[in-house]
Number of protein chains: 2
Amino acid sequence: MRLSRSFLPTLKENPAEAQITSHRLMLRAGMIRQTAAGIYAWLPVGLRVLRNIANIVRHEQDAVGAQELLMPTMQSADLWKRSGRYDAYGPEMLRIRDRHERDMLFGPTNEEMITDLFGQAVKSYKELPQVLYQIQWKFRDEVRPRFGVMRGREFYMKDAYSFDLDHDSAVDTYRRMMLAYLRTFQRLGVRAIPMRADTGPIGGELSHEFLILAPTGESGVFFDSALEDQDWLAENVDVTSRDSLEEFFTGMTAFYAATDEMHDADAWAKVPAGRQREGRGIEVGHIFNFGRKYTESMDIAVSGPDGAPLYPEMGSYGIGVSRLVAAIIEASHDDNGIIWPASVAPFRAVIINLKNGDAQCDAICEKLYAAAPDDLLYDDRAERAGAKFADADLLGHPLQLIVGPRGAKDGKVEVKDRRTGERTEETVDAALALIAKIRA
Amino acid sequence: MRLSRSFLPTLKENPAEAQITSHRLMLRAGMIRQTAAGIYAWLPVGLRVLRNIANIVRHEQDAVGAQELLMPTMQSADLWKRSGRYDAYGPEMLRIRDRHERDMLFGPTNEEMITDLFGQAVKSYKELPQVLYQIQWKFRDEVRPRFGVMRGREFYMKDAYSFDLDHDSAVDTYRRMMLAYLRTFQRLGVRAIPMRADTGPIGGELSHEFLILAPTGESGVFFDSALEDQDWLAENVDVTSRDSLEEFFTGMTAFYAATDEMHDADAWAKVPAGRQREGRGIEVGHIFNFGRKYTESMDIAVSGPDGAPLYPEMGSYGIGVSRLVAAIIEASHDDNGIIWPASVAPFRAVIINLKNGDAQCDAICEKLYAAAPDDLLYDDRAERAGAKFADADLLGHPLQLIVGPRGAKDGKVEVKDRRTGERTEETVDAALALIAKIRA
């Protein structure tokens, strides 16, 4: 993308309304604009990050056999009356009446609808297990929306729902999904620590939340640093084998991890002192096993081996995709701006032309740009160098390829690594090789 | 995808509620399920088609320099009061009050919001032109939703908005977008005929709609068959040159095309008799140039070369993405089911195993399946052959790879072309080569 032709309105000043770093940086980097309280438009750079994250989430869901579908945002109140949640759900649910005076709502979650869809489609125990997911915009009418997309009202979420024949199979599914989550967060370039969670109003007996470490996190967290050092992508788990899943789960949960609410001082004392980590975390994922709560209340059964009806065991599994954009920034920035992990960065690199119109600078920049015009930002603006450097740091591209007249004479490009700040001088071919390596 | 593990609930019977072919076939093929009047969930196969279409639309928008962003579905009523449309828009607009009693609405279109976002970001004439688009779920509270996703209430739409400094530049943008539309529809495997349209309530002077030919179309259409024979993808238009755009536009609009509302008998008589085509069409796209209607009413100006404020000229450009799924089916099906154009088909091919458990059949099927497990459907169900053939025809995969014990002994696969019905016997390698060619 050529910056001179881009809709990329960066801000030099910190917007007064933003109280936390990610909100400030997302506004300043031209990623989002607020259009109503707690409601945001995603401008091109923000949308690129949102989509990169969603695609990684999608890939890891598919990898454990979950199937993607897409439910509508508008739901009929009738469904929620069947489960008994219509009255129980508070004012966060946006209730709507359509032109025929039918009660509708903008879905805050989809347990009822997916259970109903499942029940229409699946009739026999032979078709189980099934895991269905979507990545979809949801609405919760927060009384005091704040912190930008961290706690907005309209938000993008991956929600998966599983249906199993019995409890043991449901536990397998739960563990499989836990592995998918650990892999997802690792591929996103952040560490999310899984914590045993209170099951809260959704109910059920098994629940974990995943927290990204950041000083601005809403929860205090205590964990064994061994959890940060695992390589979940390299972990060799056979997700079709109950034994293999159990081994993974037992190994993983043997390490202490808890939010302040669930903290157990005795267990904590047993963690080797050198591995005790305390900090704060931002919740970005939550998984639940809640048994037959919805299948029973909505009377959704499949026929069992003997023909008798069986109520499947369910679980639900959420990842806050739009919230992750902010959470990653909270975990990865410095005073100058965002530091994107390569996998989610809006562009692999920015090409900074220090002298637009100089034949050698232009030629080198165009040659670099041609390598991946859809995935590189070319700063071809008639701006002074300082403004270009500041925007490059603010936007947080993994690499900056700086082309000035002095280096260009010798066919050289200065390459700056945003995370380390390290600068090297490279030939054009070497710079092209570096571009090719990012997200390879 | 292995069909035995898939959420793909096909129906043998025609659902009583469906009045038109596409609605019947989408329900029968397990693509959609209704969750409330005019509101649908997209099941995995339906979502795959929807996404394939969206990706082609996106690609061609990007190719003419449009930039993708994403606006929220929930809008503040204040914006619409500024343009004067809040009271003018009828009961199709779903009006909502949030928990703080603020007037909101579920966006039926986004002229107001994009004009406001543009105004916040773009301050100088030097940054023009800009074309911004999104592919987003919208809501129009149709009084009598019907025909499935053809006329649903919650629908998926690509809407683009352009901002130009003057009328000539706006006309260039309009023509560029028209070319993008012709290329988009051609890549989708359908012919959409551009028709000069009445500008209607949005106003402005230049407008075309694009209609896909199908006997169930809501409009009568008259057109010169030369329009069907053009290859817009091969057309050599320099979209950066006004002359080249004008030549394209003049050439294209020289051919007669009109809906019954705009039909001109005298002009029609001049079309060579052998090229006169009459039929019915389904509107799938609509483009408008409407000048300064919103920039003036909302007072959104940029500073011109002399510093004085200038109100940009706007256009808007819609494609009904969810409607296209149905429209393509109306245009491409037979008595047995859907016939997908390869570019949008949910899978490139289905592999039909006629004897699950037969070592040779299983081995050949697995070998074929391994070529593209994400983009092939493997019918590994314990069903009789007739049911598998019927579902394959119903779902409309471009190719069917039929593996039975007789052929398998000789390492042979029967390949059926869904569109022509032609069957050939192929070696496994030849079948793999055919799979590789689809969507290549």
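# Helices of a predicted model, questioned

Author: In this predicted model, the buried residues of helix α1(B) are B:Thr21, B:Ser22, B:His23, B:Leu25, B:Met26, B:Leu27 and B:Arg28.

Reader: What makes α1(B) "largely enclosed"?

Author: Buried means under 20% relative accessible area. Seven of the eight residues of α1(B), which spans 21-28, meet that mark, so the rest of the structure largely encloses this helix. The cover over its buried residues includes α11 (321-331), α13 (385-395) and the strands β1 (32-36) and β2 (39-42) of chain B. Just past the helix, B:Gly30 has a positive phi of about 70°.

Reader: Now to α15(B). How do you know that its buried residues lie on the same side?

Author: The buried residues in question are B:Val428, B:Ala431 and B:Ile435. Around the axis they cover an arc of only 60°, which puts them on the same side of α15(B). The general rule helps here: with 3.6 residues a turn, residues three or four places apart in an α-helix point the same way.

Reader: What does α15(B) carry on the face turned away from its buried side?

Author: That face holds B:Asp429 and B:Lys437, both exposed, and exposed means over 50% relative accessible area. The buried residues, for their part, pack against α12 (359-369) and the strands β20, β21, β22 and β23 of chain B. After the helix comes B:Arg439, with a positive phi near 60°.

Reader: Over to chain A. Why is α2(A) called roughly perpendicular to α11(A)?

Author: The axes of α2(A) and α11(A) cross at roughly 110° and come within 9 Å. Angles of 65 to 115 degrees count as roughly perpendicular, so α2(A) earns that name relative to α11(A). The crossing is right-handed. On the α2(A) side the contact is made by A:Val49, A:Leu50, A:Ile53 and A:Ala54, and the residues from α11(A) include A:Leu324 and A:Ile328. By class, this contact has eight nonpolar, one polar and no charged residues.

Reader: And why is α6(A) called oblique to α8(A)?

Author: Here the axes cross at roughly 60° and come within 10 Å. Roughly parallel needs an angle under 35 degrees, and roughly perpendicular begins at 65. The angle falls between those ranges, so α6(A) is oblique to α8(A). This crossing is left-handed.

Reader: How many charged residues does the contact of α6(A) with α8(A) have?

Author: By class there are six charged residues, along with eight nonpolar and one polar. Among the residues making the contact are A:Asp168, A:Arg175 and A:Arg176 of α6(A), and A:Arg242 and A:Glu246 of α8(A).

Terms used:
Residues are numbered from 1 along each chain as its sequence is written. Chains are lettered from A and ligands numbered from 1 in the order in which they are written. This is a predicted model: local features need pLDDT of at least 70, side-chain atom pairs count only at pLDDT 80 or more; totals for chains, interfaces and linings use all residues. Side-chain values use heavy atoms; hydrogens and water are left out. Buried means under 20% relative accessible area, exposed over 50%, partly exposed in between (1.4 Å probe, protein chains only). Helices (H or I, at least four residues) and strands (E, at least two) are DSSP runs, numbered from the N terminus. The arc is that of the directions from the helix axis to the C-beta atoms. Contact means heavy atoms within 4.5 Å. Axes are lines fitted to C-alpha atoms, for helices over the stretch in contact, and angles run from 0 to 180 degrees between N-to-C directions. Angles under 35 degrees count as roughly parallel, over 145 as roughly antiparallel, 65 to 115 as roughly perpendicular and the rest as oblique. A crossing is left-handed if the near helix is turned anticlockwise from the far one by less than a right angle, and right-handed if clockwise. Ala, Val, Leu, Ile, Met, Phe, Trp, Tyr, Cys and Pro count as nonpolar, Asp, Glu, Lys and Arg as charged, and the others, Gly among them, as polar.
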